[in-house]
Every structure is written in C-alpha cells, then in structure tokens.
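Trainee: Before we go through the packing, could you set the structure out for both of us to look at?

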Amino acid sequence: MTAGTLSKRLTVMDRSKSLGHCVCDPKRACPCSDLVEQDICPCAGERFPSDKGREVKLTELARNLGCASKIPATDLEKCLSRLRQVDDPGVISGLSDADDAGIYKIDGQTTLVQTVDVFTPCVDDPYIFGKICAANCLSDIYAMGGVPRTALSILSFPSDKYDGEIMYQMMRGAIEVLNSAGCTLLGGHSIKEDEVKLGFAVTGTIDPGKAFLLDGARAGDKLVLTKPLGVGILNFARQIGRAAKEWLLEAERSMMELNRSAAEAMSEAGVSAATDITGFGLFGHLVRMTRHSGVKARVYASVLPVFPGVLELLRSGVIPGAVERNAEFVGEEITVGKDVG
C-alpha cells in the first residue's frame with residue numbers, strides 16, 4: 001500500500017469512526033468486515049482483487065432469474081388500479097390498457113410507442129445475457145406492431161466487487177442486438193448494487209391504425225405462438241442444478257432471437273391482437289387479452305410448443321413459485337379439462 005493510499009484510508013476511517021457509521025454503508029460500523037478480513041477499504045476507493053480469469057456466474061448474483069423477478073401481476077394490478085387515470089388526448093394506449101407498450105400520438109405525422117423492461121440474469125454468460133435482455137426489451141415494441149428507433153439503458157452492478165469486464169460484455173451483447181434491430185442506444189443510467197440487473201427503455205414509431213392492441217381479439221381468431229414455452233421452468237431448473245446443458249442452450253438461442261420477423265408476418269397477415277409472453281406465462285398474458293377483448297379462448301395442451309426438457313421437469317416436480325403467483329392472477333378464469341395431465 002502506498003503512503004497516499006494509506007493516508008486516504010485513514011482520513012475516511014476517521015470520518016466514519018466519528019459518525020459511528022461507515023460513510024459508504026451506514027448500516028455497518030468502521031472498521032467494516034472488508035477491512036478486517038481482507039484489508040480493503042472500499043470507501044477509500046480500494047478495490048477487491050480482479051476477477052479476471054475467475055468464472056463469475058451471473059445467475060448466482062440474482063434471487064430470481066429473468067422475468068421471474070417481476071412483481072406478481074395481482075399485486076401490480078392492485079397498485080395500478082388505485083392510481084389516477086391519465087387524461088391526455090394524445091394517449092392511445094396507456095396505464096389503464098395494461099398493454100405491452102404505451103402509444104402516444106404527438107401529431108398527425110408522428111406517433112410513438114414506448115416501453116421499459118429491466119431483468120436479472122437468466123444465464124451466466126454476460127455477453128449472452130446482454131443479447132437476451134435487449135431482444136426481450138425490443139419484443140414489446142414488436143408486439144404492438146411498432147418499429148424500435150432508440151433506447152436508453154438501465155444497469156445495476158456491484159462495481160466495487162466484480163471486474164468491469166462483466167459490465168462491458170453485457171453491454172456489448174445488448175448493443176449488437178439493438179444495432180441489428182436498427183435501434184440506437186443513446187445513453188442510460190447506472191447504479192451500484194449487489195444484484196445485477198440490465199434493461200432498456202425503448203422508443204419506437206408506429207402507425208396507430210395498424211397497432212396490435214390487447215382488446216382487438218375477436219371470436220373465431222386462431223392463437224399463434226411464435227416461440228416455444230417453458231423458459232421460466234428451465235431457468236428455475238438451472239438454479240437448482242436440474243437442467244441439462246442442451247436444454248438451456250436451445251432456450252438461450254431462442255431468447256436471443258429478435259421477434260422482428262414475427263412482427264412483420266403479423267402485419268402482413270393482419271392479425272387482430274398480439275402480446276409478448278414473458279413473466280406472467282401463457283395464461284397470465286392470454287387472460288389479459290381475453291379480459292380486454294371480451295372473448296374466451298380455448299387452448300389445446302397437446303399442441304402447445306415447449307422447449308426440450310420442460311415436460312420432463314414438470315413431471316418430476318420442478319415447478320417454480322411463479323406458477324402459483326400467476327395462477328392467483330388468472331383465478332377462476334381458466335378451466336382445465338379432465339384429460340389434461
């Protein structure tokens with residue numbers, strides 16, 4: 001340790017001791033465990049040894065993986081229902097519509113479609129996580145029938161504990177996907193926190209007359225899924241060491257894939273309604289659509305596409321807690337046939 005580093009440490013420690021609290025973490029006293037056990041004072045700008053060369057598993061830095069980190073839909077609806085309704089003639093789709101993204105008409109030539117999503121890691125590789133996160137954030141724009149134009153990042157990372165290369169790889173992967181979608185990253189915001197999170201606020205443009213809204217489903221429509229189901233099951237299985245590597249790789253490839261081609265196909269086919277299926281599961285999102293559209297839907301379990309390994313995991317009891325939370329939201333609006341196993 002140099003004389004300058006020691007002097008800075010002692011100055012910070014004197015302030016902390018006089019206050020009776022660590023100046024960077026008031027919950028701790030000074031000297032903190034980092035100083036006592038590892039001879040490191042983060043408050044003085046000292047850093048833990050570099051993690052370069054040592055594998056850091058991102059999923060171990062999150063309590064719930066990916067979309068499972070979302071607030072349960074029932075709790076969210078209770079909160080949002082108490083908020084004052086927005087009275088703005090420019091709003092085409094807003095809070096009360098509970099759609100994938102908001103739509104705002106600025107004038108006769110310009111209508112914006114906007115969304116924001118933030119996720120905890122669902123994979124261990126930071127580069128792949130960045131790609132998955134960006135693709136997921138863009139999906140809400142595509143689900144509305146819009147074209148993504150710009151994005152702002154939201155990043156949470158324990159920069160005092162882990163090497164900045166991890167942050168770089170996350171952002172590198174995300175920017176590659178944004179660029180492939182023709183979406184420009186303009187800037188963003190970052191915070192130092194123990195749990196890793198990454199997300200994007202995405203702004204796009206849309207033709208309001210061709211938007212795919214939740215309330216557009218009609219009797220006689222056919223339901224079309226553009227990707228297999230079961231990501232939540234696989235992510236939970238990953239956490240408890242029950243997922244085969246080949247199962248996870250298949251899901252990762254799908255999560256990194258943009259839904260742009262699906263959105264273009266929807267526009268050509270003239271679909272009546274669409275939604276992006278994420279943390280609330282197939283039935284959580286489908287119930288939202290049927291509620292807003294005033295219709296009912298019939299789903300045949302035998303033809304639902306699922307990722308490899310998902311059915312085996314379900315049969316062996318690998319069922320995450322999100323299943324109960326989503327079931328509470330769906331309530332009695334779903335009836336399961338007797339022959340569905």
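**Core and helix packing**

Mentor: Setting aside residues up to four places away in sequence, Phe129 touches Leu58, Phe119, Thr120, Pro121, Cys122, Val123, Met170, Val196 and Leu198, where contact means heavy atoms within 4.5 Å. This is a predicted model, in which local features need pLDDT of at least 70 and side-chain atom pairs count only at pLDDT 80 or more, while totals for chains, interfaces and linings use all residues. Residues are numbered from 1 along each chain as its sequence is written, and side-chain values use heavy atoms, with hydrogens and water left out.

Trainee: Which helix gives the most to the largest nonpolar core?

Mentor: A nonpolar core is a set of buried Ala, Val, Leu, Ile, Met, Phe, Trp, Tyr and Cys residues joined through side-chain atoms within 4.5 Å, buried being under 20% relative accessible area with a 1.4 Å probe, protein chains only. The largest such core has 54 residues, and Phe129, Leu138, Leu198, Phe200, Val202 and Leu234 touch the most other members. With 11 residues, the element that gives the most to this core is α4.

Trainee: How are α4 and α5 oriented to each other?

Mentor: Helix α4 (residues 126-144) packs against helix α5 (residues 164-180) at an angle of about 40°, with their axes 7 Å apart. Angles under 35 degrees count as roughly parallel, over 145 as roughly antiparallel and 65 to 115 as roughly perpendicular, the rest being oblique. The two helices, α4 and α5, are therefore oblique.

Trainee: Does Glu46 count as buried or exposed?

Mentor: Glu46 is found in the loop between α2 (33-38) and α3 (73-80). Because its relative accessibility is 12%, Glu46 counts as buried.

Conventions:
Axes fitted to C-alpha atoms, helices over the stretch in contact; angles between N-to-C directions. Helix = DSSP H or I, 4+ residues; strand = E, 2+ residues; numbered from the N terminus. Buried < 20%, exposed > 50% of the residue type's maximum accessible area, 1.4 Å probe, protein only.
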